[in-house]
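Here are my notes on the model you shared, set out point by point. I hope they help as you look around the ligand and the empty spaces in the fold.

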Amino acid sequence: MNIGIIGAGHIGSALATRLVSLGHSVHIANSRGPDTLTEVAKKTGATPVTAREAARHGDIIVVTIPLIHIPDLPKDLFADVADDVPVIDTSNYYPLLRDGHILELETGELTESEWVQQHLGRPVVKVFNNIYFDHLENKGLPAGTPGRISLPVAGDHEAAKQKVMALVQELGFDAVDDGNLHASWRQQPGTPCYGADLPADKLREHFANLGTERTAAQHAEYLANHAKQERAMAAQDKP
Ligand SMILES: NC(=O)c1ccc[n+]([C@@H]2O[C@H](COP(=O)([O-])OP(=O)(O)OC[C@H]3O[C@@H](n4cnc5c(N)ncnc54)[C@H](OP(=O)(O)O)[C@@H]3O)[C@@H](O)[C@H]2O)c1
């Protein structure tokens with residue numbers, strides 16, 4: 001497939017490396033332009049391009065930039081990209097360390113990917129947000145291997161979601177359907193599956209226990225869990 005990746009950091013580079021090794025044609029972009037991607041190209045085998053070019057190189061497009069920068073992307077980025085091309089969103093909301101406070105995410109009115117979708121003006125499929133970049137690059141296993149990590153995939157468009165689930169399987173992970181984007185709070189930071197590298201049966205068990213409509217108590221609990229994780233990360237970075 002032709003795959004365009006917007007964002008050439010931890011996740012963008014990990015995905016590019018794996019996708020190129022599987023034989024896909026990958027074009028990759030950052031905010032500063034293709035000239036600044038020589039090292040990334042050498043490491044991953046992907047072709048450096050502009051974000052607009054990456055958006056047009058696609059059977060599948062991945063947007064993997066810090067959530068707070070999503071509104072900086074050009075409003076017409078996907079203007080002439082065919083409707084059946086899935087756009088993957090890998091975002092997580094890190095209010096304390098990176099993104100500042102975003103009202104709709106604090107209140108729980110929107111899930112993180114619903115917020116991203118509104119800003120992109122384009123339906124998205126949420127995946128790769130709950131796995132550490134190094135595990136995404138190095139922990140994929142053949143289907144059927146005991147302990148294979150599963151990844152939740154959420155989206156409102158069934159055909160796009162199925163295409164992305166097939167790619168997840170190809171990358172070496174069990175793809176588990178997490179329902180529509182409104183239910184995708186179940187894979188956000190602070191929830192039981194965030195960074196937990198769970199096998200598919202455990203992930204499905206969590207989803208069955210959590211339900212699909214987020215309660216106020218669940219929202220408060222997961223925000224608090226994540227704030228604790230962010231504070232621990234900040235403390236680790238201190239000299
Ligand atoms: N790190 C992880 O293990 C991990 C795991 C799962 C999900 N995530 C989530 O995935 C997203 C990306 O994370 P990351 O760790 O890969 O980020 P990162 O390492 O900080 O890299 C961010 C990339 O986004 C690019 N970028 C920023 N603004 C842009 C714009 N307006 N147009 C085009 N490119 C832009 C940056 O390019 P420049 O350098 O040129 O600005 C950089 O290449 C975040 O939401 C993160 O929370 C991360």
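The points below start with the ligand and then turn to the pockets and cavities.

1. A word on the source before anything else: this is a predicted model. Please read each distance, area and volume below as a value computed from that prediction.

2. Let's begin with the ligand and its neighbours. The shell around the ligand holds 25 residues, and those that come nearest are A8, H10, I11, S31 and R32. Sorted by class, this shell has 11 nonpolar, 11 polar and 3 charged residues, so nonpolar and polar residues are equal in number by the class scheme used here.

3. Which atoms of G9, N92 and R98 lie close to ligand oxygen atoms? For G9, a backbone N or O atom lies 3.3 Å from an oxygen atom of the ligand. N92 likewise places a backbone N or O atom 3.3 Å from a ligand oxygen. With R98 the side chain is involved: one of its polar atoms lies 3.2 Å from an oxygen atom of the ligand. As for burial, the ligand taken alone exposes 910 Å², and the protein buries 81% of that.

4. Now to the space that the ligand takes, which is the largest pocket. Its volume is about 1200 Å³. Elements that give two or more residues to the lining of this pocket are α1 (10-21), α3 (51-55), α4 (95-99), α7 (133-138) and α10 (216-237). Among these, α10 gives the most, with 5 residues.

5. It is worth looking at the residues of that lining too. The largest pocket is lined by 42 residues, and H10, I11, T64, P66 and R98 lie nearest its centre. H10 and I11 are also among the residues that come nearest to the ligand, and R98 is the residue with the polar side-chain atom 3.2 Å from a ligand oxygen. By class, the lining divides into 17 nonpolar, 20 polar and 5 charged residues.

6. The second largest pocket has a volume of about 180 Å³. Its lining is made up of 15 residues, of which D83, V85, P123, H157 and A160 lie nearest the centre. Helix α8 (residues 158-170) gives the most to this lining, with 3 residues. The lining of the second largest pocket divides into 8 nonpolar, 2 polar and 5 charged residues.

7. How many cavities of 30 Å³ or more does the structure hold? There are 2, and the largest cavity has a volume of about 150 Å³. Of the 15 residues that line the largest cavity, E112, Q188, P189, R214 and L223 are the closest to its centre. Helix α10 turns up again here, since the largest share of this lining, 4 residues, comes from α10, a helix by the DSSP runs. By class, the lining of the largest cavity has 8 nonpolar, 5 polar and 2 charged residues.

8. Last comes the second largest cavity, with about 30 Å³ of space. N130, S150, P152, C193, D197, L198 and L203 line it. The class count for this lining is 4 nonpolar, 2 polar and 1 charged.

9. To pull one thread together, please keep α10 in view as you go through the model. This element gives the most to the lining of the largest pocket, and the largest share of the lining of the largest cavity comes from α10 as well.

Note on methods: Residues are numbered from 1 along each chain as its sequence is written. This is a predicted model: local features need pLDDT of at least 70, side-chain atom pairs count only at pLDDT 80 or more; totals for chains, interfaces and linings use all residues. Side-chain values use heavy atoms; hydrogens and water are left out. A residue is near a molecule or strand if one of its heavy atoms lies within 4 Å of it. A polar contact is a pair of N or O atoms within 3.5 Å; within protein, one must be able to donate a hydrogen and the other to accept it, and residues adjacent in sequence count only if both atoms are side-chain atoms. Accessible areas come from the Shrake-Rupley method with a 1.4 Å probe; for residues, only the protein chains shown count as cover. On a 1 Å grid over the protein atoms alone, a cavity is a set of points where a 1.4 Å probe fits but cannot get out, and a pocket is an open set with protein on both sides within 12 Å along at least five of seven lines; lining residues have an atom within 4 Å of a point. A molecule sits in a cavity or pocket if more than half of its atoms lie within 2 Å of its grid points. Grid points are joined across faces, edges and corners, and a volume is the space filled by probe spheres set on the points.
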